[in-house]
Amino acid sequence: MAEKTRITRDEALAYHLEPTPGKIEVLASTPMTTQRDLSLAYSPGVAVPCEVIAENPETAYDYTTKGNMVAVISNGTAVLGLGNLGALASKPVMEGKAVLFKRFADVNAIDIELDTEDPDEFIKAVQLMGPSFGGVNLEDIKAPECFIIEQALKEKMDIPVFHDDQHGTAVICAAGLINALHLSGKKIEDCRIVLNGAGAAGIACIELLKAMGARHENCIVCDTKGVIYQGRTAGMNQWKSAHAVATDMRTLEEAMEGADVFLGVSVKGAVTQDMVKSMADNPVIFAMANPDPEITPEEAHEVRVDAIVATGRSDYPNQVNNVLGFPYLFRGALDIHARAINDEMKIACAEALAALAREDVPDEVAMAYGRKLSFGRDYIIPTPFDPRLIYTVPPAVARAGMDTGVSRRPIVDLDGYADGLRARMDPTSSILQGIYARAKNAQARMIFAEGDDVRVLRAAVAYQRNGLGKALVVGREADVKEKLESAGLGDAVRELEVVNAANTRHLDSYKSFLYQRLQRKGFDHHDIHKLAARDRHVFSALMLAHGHGDALVTGATRKSAHVLELIGKVFDAGAEDGAVGITVLLHKGKIVLIGDTLVNEWPDNEDLALIAERGAHVARELGIEPRVAFVSFSTFGHPVSERADKMHRAPAVLDQRGVDFEYDGEMTVDVALNPKVMAQYPFCRLSGPANVLVVPARHSASISVKLMQEMAGATVIGPILTGLQSPIQICATVSTANDILNMAVMAACEIGRNR
C-alpha cells in the first residue's frame, strides 16, 4: 500500500490563495485586440448570430460555447464528507469539479452555488439557466432532495442533467464489477449482491446494476437500520421502498452470508472479517466509504485471499474514482448535442472502462504509477491518468446516445471523432504524475541546500509529507524552526532533519576531499575551511559526494551560474565535462524542451550535438519520444549567415554519431513547431512538430524561456541539469515552493533510474 499523502491546513489554503484566489479563470477564445475584433465580438457584429439563433435555436451550438459548457451546481447541503456547509462554502469543491472537467476531457465548466435548500426553488433556478449550458452536473446535494431535484430537472430540461454523487460512483462501480465477475467466472444475473448505504450513491449503484441484468430478488440493500425488506416502515422513503425484497434477513451480517458481491457506500468499519469469511467463493468487495473504507484490503485479504477488493482510496489498488466517468460521459453527450444522459449511455461508459482495463497498459501509464499494471485482481479499473480514456470512452457514450435517440446531431465518423479527441489530450499532467511516481519509488534522501529560505522549507516539508523520501535541510536549527513556525508549519520541525557544519561529524573528511580537488587551483586550507564550513552550496555538494544524501536541489537564493560554479568545486560540472541544462516548457497542453539554458555559453556544432542528445535523453525520461530541431533565424541554409552556420552543421555531427532519435535543422521556430509551415519543406526529416529545441547560445535559450513564461504564462520546469555523475538540480531564484519541489522530484527520478 502506498503512503497516504499528508496535507496541512496552511498548505491547502495557500494552494487556493496563490497565485490568484480560486482555481479557474475565463479566457477569450477569439481575437480581442483591434476595434474590428470588438465590433465583431459585440455590437454590431454580434447581432448576426443572435438573429440566426432566434430563427434556429440549434445553431446556438455552432455560434456559442453552449456545446462545450457544463454548469456544476450545488446548494452545499452535502459537501464531501463534511455535511451541510451551505452554498458559499461549497464553492471550492465546485471550482475543483470544473477544473477536473477541463483537465480530463477539455470540457469548459463553470460553478454555480444556489443559496436555497428548497427543492422547488433550486429546480426553478436551474431550469431558467438551461439556455446557457450544454449540460448540468449536480453535486453535493443531500438525499432525498437530490433525487427529487434530478428527476424534476430531467423532465423539464432538454439537456443532460447528471447528479455525479449518484451516477458517477455507479458507473465506475459497474465497470469494476464487470471485470471482477469476469475474473471470478460469475454472471451478474446469478450473483447475490449486498449494498450497505441507501443514500444517493448506493441507490444509483443498485439501480444501474439492475439495469445491467442483476435480479431484484438477488439484491439486498441495507441502511443504518438493517436490511430493507418488504413491509419495513422505519426510516423508509420511496427510493428505498423500490428496492425492498421479501426476505427474513434483518442485519448486514445475515445478508453477507453467502453473498457474491458487497458494495459499500456507508462508513468505516461497517464490515467485519467474520462477514467477509461468510461470503461465497471469490467474493467481490467494493468498500467505497471515504476517506476510510468499510473494511481495508489488508483486513479482507487476511481472511479471504480469493477476494477482489476495491476502495475509494488512491493509495490502494482498484480505486473507484468518479473522475473516470463524468468528464467522458459529458464529453460524449455534448458532442452529439444530447438531450439527456440515459442508462444506456452510462452502461456504455462502464463497459468501455472495463474493456480498457483488460487491454495492455501503455508504458506511459506504468511510468505514471511507478509500476507495471496488467489486468488482474489488483487492476480491474483503469487509472485516471490513462491517456486512452479521452478517445475510448466518449465515442462509446456517443454511440449509445445515438442508438437510443437522445442525439440532436449524430456523429457520422466515429473513428475520426476518436482521432480528434486524441488530439485534444493534454499530456502534461500524466507526465508530471509519472515523474512523481518514479520519485516516490526512489525514496531519495533529498538535500535541500538553502534551509534559510521559507520556499525551500515548504518544498522540503511537501517532499517528505508526500511520501517522496527523506528531506535533509541544510541550515541552522533555530533559524529553520523560526521560519517553519512563521509559515504555519511549526509541526514539521520534528519531521525534518536539519544538517550543518556544526552538527556533522564529517566536516574534516569533507575538507580533506575538497583540498585534494582544489589545492592546485589556488586554494589553501583556510580557503577550504571557509568553503566547506560556511558555504551551504559547497557543504551540500560535499554531503552528496560522500553519500550522506542521494540527491541535491539548490539555487533558490543565488544566481544559477554562481551556484553551478560553487558546485563545480566538488563535482565536474562545466561545459567541458559534458554538463547541459535542459528546460521544460508546458503550455496549453504542449511540451517543449529547450537547451542549453544553463551551462554552454556559446556552443559550437559538436556542443550543439551533445545538447541535442541530452535533450533527447530528458524527453525520453519524461515519456516523450524526442523530435529535435536545431533552431535559428534561417531555415535549411537561407538566409546564409555565419551565425547560423553552426546550426546548419550540427545535424551532420549527429549523423556521424548514429543517434536513435529524429532530428533536423537548421530551421526557424515556426517551421519546427507548426506542422503546416513544416509541410512547406517536404524533405524535412521530422515526422511531426519538434519537442526538443536546440538554440544557438545560452542567452537565446534564456530569452526564449523567460519570454514564454512572462508573455504566455508557460509553466517552467528546470533547467534540468544533466551529464553530472550525481543527481543535482538548480532552481531559479524566482522559483516558488512548488517549482523547488518539482526540481527535487526531477533529481529523485535520476536516483530511481540508477538503482
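Buried, in this tour, means under 20% relative accessible area, exposed means over 50%, and partly exposed lies in between (1.4 Å probe, protein chains only). The model is predicted, so that local features need pLDDT of at least 70 and side-chain atom pairs count only at pLDDT 80 or more, while totals for chains, interfaces and linings use all residues. Residues are numbered from 1 along each chain as its sequence is written, and side-chain values use heavy atoms, with hydrogens and water left out.

Begin with the whole chain in view: the C-alpha trace spans about 95 × 65 × 45 Å along its principal axes, and 54% of the 755 residues count as buried. The chain has 31 helices and 21 strands, where helices (H or I, at least four residues) and strands (E, at least two) are DSSP runs numbered from the N terminus.

Next, select Arg232 and Asp223, whose side chains meet in a salt bridge at 2.6 Å, N to O; the term stands for a side-chain nitrogen of Lys or Arg within 4 Å of a carboxyl oxygen of Asp or Glu. Arg232 counts as buried because its relative accessibility is 9%, and Asp223 is likewise buried at 13%.

Move on to Asp292 and Arg313, which form a salt bridge of 3.2 Å, N to O. Asp292 sits in the loop between strand S9 (284-287) and helix H13 (297-303), and Arg313 in the loop between strand S10 (308-311) and helix H14 (326-335), so the pair ties together parts that are 21 residues apart in sequence. Asp292 is partly exposed, with a relative accessible area of 28%, whereas Arg313 is buried, with 11%.

For a pair within one helix, select Asp479 and Lys483, which both lie in helix H21 (residues 477-486), four residues apart, about one turn of the helix; their side chains meet in a salt bridge of 2.9 Å, N to O. Asp479 is buried at 14%, while Lys483 is partly exposed at 24%.

Then select Lys91, Glu95, Asp111 and Glu113, which are linked in a network of salt bridges. A search of the whole structure finds 39 salt bridges.

Finally, select Cys219 in strand S6 (residues 219-223), which counts as buried because its relative accessibility is 0%. Adding His243 shows a residue 24 positions away along the chain, with the two C-alpha atoms separated by 7.9 Å.
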